[in-house]
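Me: Got a model open here and a few things to ask about it. Mind going through it with me?

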Amino acid sequence: MDGLIKGLVNAAIDHIQGGGNDDDDNRDDVEQRSRSSWAQVVSGDPEDHEGSNPSNTDHNSRLSSHNRREENYHENQTSWGRRPAMTAQKEESYQENQTSWGRQPAMTAQKDDDTNNDGWETAHKKPSRQHHKVPIDQRNNYKRPAGEQHYSDEVDCGAKMEPSEEELADVSKAINKLWELDLNRLVPGKDYEIDCGEGKKVYQKDDMAEGSLFSWLSEEIFRKPTYSRFCSLLDNYNPHEGYKEVVTSEERQEQAAFIEEISRTAPIKYLHKYLSAKGIASGSYQEFKGMIMSLWFDLYGRGGTSSCSSAFEHVFVGEIKRGEQEVSGFHNWIQFYLEEAKGRVDYQGYIFPRRRGQIPDSETQLLTVQFEWNGVLKSVSSTLVGVSPEFELAIYTLCFYVGGEDNHVELGPYPVNIKCYRHGNKLGSAFPIADS
């Protein structure tokens, strides 16, 4: 009997020791599969900006167990997407009391040591962000009649405002000049900070960003007149394509006040001189401002409905296509920041650049990203981060009048193709993409 018991004890010990070795082998397999999956993500060539979406069946299979872990998380989300939107009562209270713009408190996500058989860490909800808006009292001032508006002083850049013969002959050189004249452009690390997260291909739907794109934004930015007036326009639109826009007299005044404000800046003054020299714009600055106002704010039809869209709404605010549940337009970084701060944008990661080795970081000002807006996916969107509203409006206007659909330029350190699409005789869309 004693021999039998001793034999059983030895067998149990051998089994335990053998199981430990199996666990080591399993861990090696998990790590190998994890490395293999990541290699498959980063090895292929990046997709074209408007490229097709190949089947992601294999990709979904690799992530199936990861997705199962997220089911409970998704069940708790609101109709705005992954971050819950504020209730109407909280929104109203917030609008009345919010006064602070500034650095966001650092958020840390609790790390789960458990991993599943695919080597993925347990998914956690993204850190929440403090909400921000342009101060209400300032925005109400922008709705006042023209005679009660107060504007910035005129910018005088002297000879720099006159386009050279070389610039008149080459629109790319004129756009690079506008980059130099953007005196209101922000400085990464000083005025704001971004966290690009991880990269992905266009067709990949998994979220590669642990938190928000914007970590913080200086409180001084929205005291800049052109920035503040630009923000006052962003809530004037119904984002759903196909619904007629009703422009009130106050909203029309906000539009005129914005054009008047930016007309005092160097990029818009240069734009006027350039288009005048080309015979496109009148020598009268007042008539020129009316031309810009019409180009960006006149309503036109899109998606089968008349008077439902405009160049400003599409390019800077964004639209949700009817029936397709797809975001179109939405190429402005300020709109992105504000919507992300309100919980309506969920940043999903950057799109792998076409040129290998050019991975974006916190200093990068030309980004191609993926995000959800109001729970609807924008699979690929590019934006110039930190540039002023007047600069963006100037380069897109210049491309519309004297450029083509493709406009290859150098913007500081960035080789860029400014895409410009017409909608009949209107500006349909304009945005930058990294040039290959």
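Me: What should the 12 residues of helix α10 span at 1.5 Å a residue, and how far apart are the end C-alpha atoms?
Reply: Helix α10 (residues 266–277) should span 16 Å, and its end C-alpha atoms are 17 Å apart, which agrees. The expected span is 1.5 Å times one less than the number of residues. Helices here are DSSP runs (H or I, at least four residues), strands likewise (E, at least two), numbered from the N terminus. This is a predicted model: local features need pLDDT of at least 70, side-chain atom pairs count only at pLDDT 80 or more, and totals for chains, interfaces and linings use all residues. Residues are numbered from 1 along each chain as its sequence is written, and side-chain values use heavy atoms, with hydrogens and water left out.

Me: How many residues of α10 are buried?
Reply: Nine of the 12 are buried (under 20% relative accessible area, 1.4 Å probe, protein chains only; exposed is over 50%, partly exposed in between), so α10 is largely enclosed by the rest of the structure. Among them are K269, Y270 and H272.

Me: What covers them?
Reply: The cover includes α6 (165–169), α7, α9 (249–262), α11 (285–297) and α14, going by contact (heavy atoms within 4.5 Å).

Me: And just after α10, which residue takes a positive phi?
Reply: G279, at about 80 degrees.

Me: Switching topic: what does W296 touch?
Reply: Not counting residues up to four places away in sequence, W296 touches S310, A311, F312, V315, F316, L393, Y396, T397 and L427.

Me: L427 again, then: which residue is its bridge partner?
Reply: R422 is the bridge partner of L427, which lies in β13. Eight bridges join β12 (residues 414–423) to β13, and the two run antiparallel. Strands count as paired if DSSP finds at least two bridges between them.
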